[in-house]
Amino acid sequence: MAVTVFYKDEVIARGAPADFVGAIRDLGPLARSSDLLAFDDDTGRQVDLDLAEPAAPRPRGRPSLGVEAREITLLPRHWEWLAAQPGGASVTLRKLVEAAMRAGRSERECLDAACRFLTVMAGDRPGYEEAIRALYAGDRENFDAFCVLWPTAVADHARMLAWPKDAA
(Lines give C-alpha, C1' and ligand atoms only; values in the text may rest on other atoms or scores of the structure.)
Protein backbone atom coordinates (compact mmCIF):
# COMPACT_ATOMS: atom_id res chain seq x y z
CA MET A 1 0.00 0.00 0.00
CA ALA A 2 1.30 3.44 -0.90
CA VAL A 3 0.43 6.34 1.36
CA THR A 4 0.94 10.09 1.44
CA VAL A 5 1.68 11.70 4.80
CA PHE A 6 0.83 15.32 5.51
CA TYR A 7 2.06 17.45 8.36
CA LYS A 8 -0.37 20.31 8.59
CA ASP A 9 -0.84 21.08 4.88
CA GLU A 10 2.44 19.87 3.42
CA VAL A 11 3.44 16.45 2.13
CA ILE A 12 6.30 15.09 4.22
CA ALA A 13 6.39 11.49 2.96
CA ARG A 14 5.02 9.41 0.14
CA GLY A 15 5.35 5.72 -0.67
CA ALA A 16 5.37 2.46 1.27
CA PRO A 17 5.14 3.10 5.03
CA ALA A 18 8.02 0.71 5.72
CA ASP A 19 10.27 3.09 3.78
CA PHE A 20 9.65 6.12 6.00
CA VAL A 21 7.87 5.19 9.22
CA GLY A 22 11.19 5.03 11.10
CA ALA A 23 12.04 8.58 10.05
CA ILE A 24 8.63 9.82 11.17
CA ARG A 25 8.98 7.95 14.48
CA ASP A 26 12.31 9.76 14.99
CA LEU A 27 10.54 13.13 14.79
CA GLY A 28 9.45 12.64 18.41
CA PRO A 29 6.54 14.86 19.47
CA LEU A 30 5.75 15.75 15.85
CA ALA A 31 5.01 12.07 15.20
CA ARG A 32 2.27 12.17 17.84
CA SER A 33 0.77 15.41 16.57
CA SER A 34 -2.84 15.48 15.44
CA ASP A 35 -1.55 17.53 12.50
CA LEU A 36 0.19 14.42 11.11
CA LEU A 37 -2.24 12.64 8.77
CA ALA A 38 -1.68 9.72 6.41
CA PHE A 39 -3.88 8.76 3.44
CA ASP A 40 -4.05 5.63 1.28
CA ASP A 41 -3.10 6.68 -2.26
CA ASP A 42 -5.67 4.36 -3.83
CA THR A 43 -8.75 4.95 -1.71
CA GLY A 44 -8.14 8.39 -0.24
CA ARG A 45 -9.00 6.97 3.19
CA GLN A 46 -7.15 8.18 6.23
CA VAL A 47 -4.90 5.44 7.64
CA ASP A 48 -3.05 4.98 10.88
CA LEU A 49 0.70 4.55 10.74
CA ASP A 50 2.20 2.12 13.22
CA LEU A 51 4.75 4.38 14.90
CA ALA A 52 5.42 2.02 17.81
CA GLU A 53 8.99 0.95 18.36
CA PRO A 54 9.76 -2.18 16.40
CA ALA A 55 9.39 -5.43 18.32
CA ALA A 56 12.01 -8.11 18.55
CA PRO A 57 12.92 -9.77 15.26
CA ARG A 58 10.25 -12.10 13.96
CA PRO A 59 10.79 -15.53 12.53
CA ARG A 60 11.09 -15.91 8.77
CA GLY A 61 7.92 -15.72 6.72
CA ARG A 62 5.20 -13.18 6.21
CA PRO A 63 2.27 -14.09 8.46
CA SER A 64 2.22 -10.58 9.95
CA LEU A 65 1.47 -9.18 6.48
CA GLY A 66 -1.50 -11.48 6.06
CA VAL A 67 0.20 -13.43 3.29
CA GLU A 68 -1.74 -16.57 2.43
CA ALA A 69 -0.52 -19.62 0.61
CA ARG A 70 -2.99 -20.84 -2.01
CA GLU A 71 -2.73 -22.99 -5.06
CA ILE A 72 -2.84 -21.54 -8.55
CA THR A 73 -2.78 -23.39 -11.83
CA LEU A 74 -0.76 -22.09 -14.78
CA LEU A 75 0.56 -23.46 -18.01
CA PRO A 76 4.26 -24.42 -18.11
CA ARG A 77 5.12 -21.38 -20.24
CA HIS A 78 3.54 -19.12 -17.57
CA TRP A 79 5.64 -20.74 -14.84
CA GLU A 80 8.76 -20.33 -16.97
CA TRP A 81 8.06 -16.65 -17.51
CA LEU A 82 7.36 -16.09 -13.80
CA ALA A 83 10.53 -17.91 -12.79
CA ALA A 84 12.60 -15.63 -15.04
CA GLN A 85 11.27 -12.43 -13.40
CA PRO A 86 13.27 -10.61 -10.70
CA GLY A 87 12.10 -11.80 -7.29
CA GLY A 88 10.46 -14.93 -8.65
CA ALA A 89 6.84 -15.93 -9.05
CA SER A 90 5.38 -14.61 -5.78
CA VAL A 91 6.89 -11.13 -6.05
CA THR A 92 5.92 -10.84 -9.72
CA LEU A 93 2.35 -11.97 -9.10
CA ARG A 94 1.93 -9.52 -6.21
CA LYS A 95 3.25 -6.68 -8.39
CA LEU A 96 0.94 -7.62 -11.27
CA VAL A 97 -2.08 -7.76 -8.96
CA GLU A 98 -1.23 -4.41 -7.35
CA ALA A 99 -0.75 -2.76 -10.77
CA ALA A 100 -4.04 -4.19 -12.00
CA MET A 101 -5.82 -2.96 -8.88
CA ARG A 102 -4.45 0.56 -9.39
CA ALA A 103 -5.14 0.60 -13.13
CA GLY A 104 -8.54 -0.95 -12.68
CA ARG A 105 -10.07 1.75 -10.51
CA SER A 106 -13.13 3.21 -12.12
CA GLU A 107 -13.60 6.93 -12.63
CA ARG A 108 -16.15 6.92 -9.79
CA GLU A 109 -13.72 5.18 -7.42
CA CYS A 110 -11.10 7.83 -8.19
CA LEU A 111 -13.55 10.66 -7.53
CA ASP A 112 -14.72 9.01 -4.30
CA ALA A 113 -11.08 8.71 -3.16
CA ALA A 114 -10.55 12.43 -3.80
CA CYS A 115 -13.76 13.26 -1.95
CA ARG A 116 -12.77 11.19 1.11
CA PHE A 117 -9.37 12.90 1.20
CA LEU A 118 -10.86 16.37 0.77
CA THR A 119 -13.44 15.79 3.48
CA VAL A 120 -10.60 15.43 5.99
CA MET A 121 -8.15 17.96 4.58
CA ALA A 122 -10.45 20.64 3.16
CA GLY A 123 -13.89 20.06 4.66
CA ASP A 124 -13.77 23.32 6.57
CA ARG A 125 -12.06 25.38 3.88
CA PRO A 126 -13.79 27.94 1.68
CA GLY A 127 -15.15 26.49 -1.54
CA TYR A 128 -15.14 22.86 -0.32
CA GLU A 129 -18.76 22.05 -1.17
CA GLU A 130 -18.55 23.77 -4.54
CA ALA A 131 -15.27 21.98 -5.31
CA ILE A 132 -16.87 18.60 -4.52
CA ARG A 133 -19.80 19.39 -6.82
CA ALA A 134 -17.37 20.41 -9.58
CA LEU A 135 -15.31 17.25 -8.95
CA TYR A 136 -18.29 14.93 -9.49
CA ALA A 137 -19.51 17.00 -12.44
CA GLY A 138 -16.14 16.50 -14.11
CA ASP A 139 -15.64 20.27 -14.22
CA ARG A 140 -11.90 20.54 -13.61
CA GLU A 141 -11.77 24.24 -14.39
CA ASN A 142 -14.24 25.09 -11.62
CA PHE A 143 -12.66 22.53 -9.30
CA ASP A 144 -9.35 24.35 -9.71
CA ALA A 145 -11.04 27.71 -9.19
CA PHE A 146 -12.72 26.60 -5.93
CA CYS A 147 -9.54 25.16 -4.43
CA VAL A 148 -7.25 28.05 -5.41
CA LEU A 149 -7.15 29.32 -1.81
CA TRP A 150 -6.23 25.91 -0.38
CA PRO A 151 -2.66 24.80 0.27
CA THR A 152 -1.09 23.65 -3.00
CA ALA A 153 -0.20 20.19 -1.65
CA VAL A 154 -3.82 19.52 -0.67
CA ALA A 155 -5.23 20.55 -4.06
CA ASP A 156 -2.50 18.67 -5.93
CA HIS A 157 -3.08 15.46 -3.98
CA ALA A 158 -6.84 15.69 -4.58
CA ARG A 159 -6.18 16.05 -8.32
CA MET A 160 -3.84 13.04 -8.24
CA LEU A 161 -6.53 10.94 -6.56
CA ALA A 162 -9.33 12.14 -8.84
CA TRP A 163 -7.46 11.99 -12.14
CA PRO A 164 -4.54 9.55 -11.69
CA LYS A 165 -3.94 9.16 -15.42
CA ASP A 166 -3.10 12.87 -15.63
CA ALA A 167 -0.62 12.57 -12.75
CA ALA A 168 1.35 9.75 -14.37
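This passage looks at salt bridges in a predicted model, and at one residue with an unusual backbone angle.

The count of salt bridges in the model comes to 5. Three of them are picked up here, starting with the pair formed by Asp35 and Lys8, whose side chains meet with 3.9 Å from N to O. That value still falls within the 4 Å cut-off, so the pair counts as a salt bridge. Both partners sit in loops: Asp35 lies between α1 (17-25) and β3 (36-40), while Lys8 lies between β1 (3-7) and β2 (10-15), so the contact ties together parts that are 27 residues apart in sequence. As for how open the two ends are, Asp35 is partly exposed, with a relative accessible area of 31%. Lys8 also counts as partly exposed, at 47% relative accessibility; that value is not over 50%, so Lys8 does not count as exposed.

Lys8 is worth a second look for its backbone. Most residues other than glycine have a negative phi. Lys8 is not a glycine, yet its phi is positive, at about 55°. So the loop between β1 and β2 holds a residue, Lys8, that has a positive phi and also takes part in a salt bridge with Asp35.

Further along the chain, the story turns to helices and to Arg159. This residue forms a salt bridge with Asp144, the closest N and O atoms being 2.7 Å apart. Arg159 belongs to helix α7 (residues 152-162) and Asp144 to helix α6 (residues 140-146), so this pair ties together parts that are 15 residues apart in sequence. Arg159 forms a salt bridge with Asp156 as well, and here the closest N and O atoms are 2.8 Å apart. This second contact stays inside one helix: Arg159 and Asp156 are 3 residues apart in α7, which means that about one helical turn separates them.

Put together, Asp144, Asp156 and Arg159 are linked in a network of salt bridges. Arg159 is the residue that pairs with Asp144 and with Asp156. The members of this network can also be described by their accessibility. Arg159 is partly exposed, with a relative accessible area of 26%; buried would require a value under 20%, so Arg159 does not count as buried. Asp144 is partly exposed too, at 33% relative accessibility, and Asp156 is likewise partly exposed, with a relative accessible area of 42%.

Note on methods. Residues are numbered from 1 along each chain as its sequence is written. This is a predicted model: local features need pLDDT of at least 70, side-chain atom pairs count only at pLDDT 80 or more; totals for chains, interfaces and linings use all residues. Side-chain values use heavy atoms; hydrogens and water are left out. Helices (H or I, at least four residues) and strands (E, at least two) are DSSP runs, numbered from the N terminus. Buried means under 20% relative accessible area, exposed over 50%, partly exposed in between (1.4 Å probe, protein chains only).
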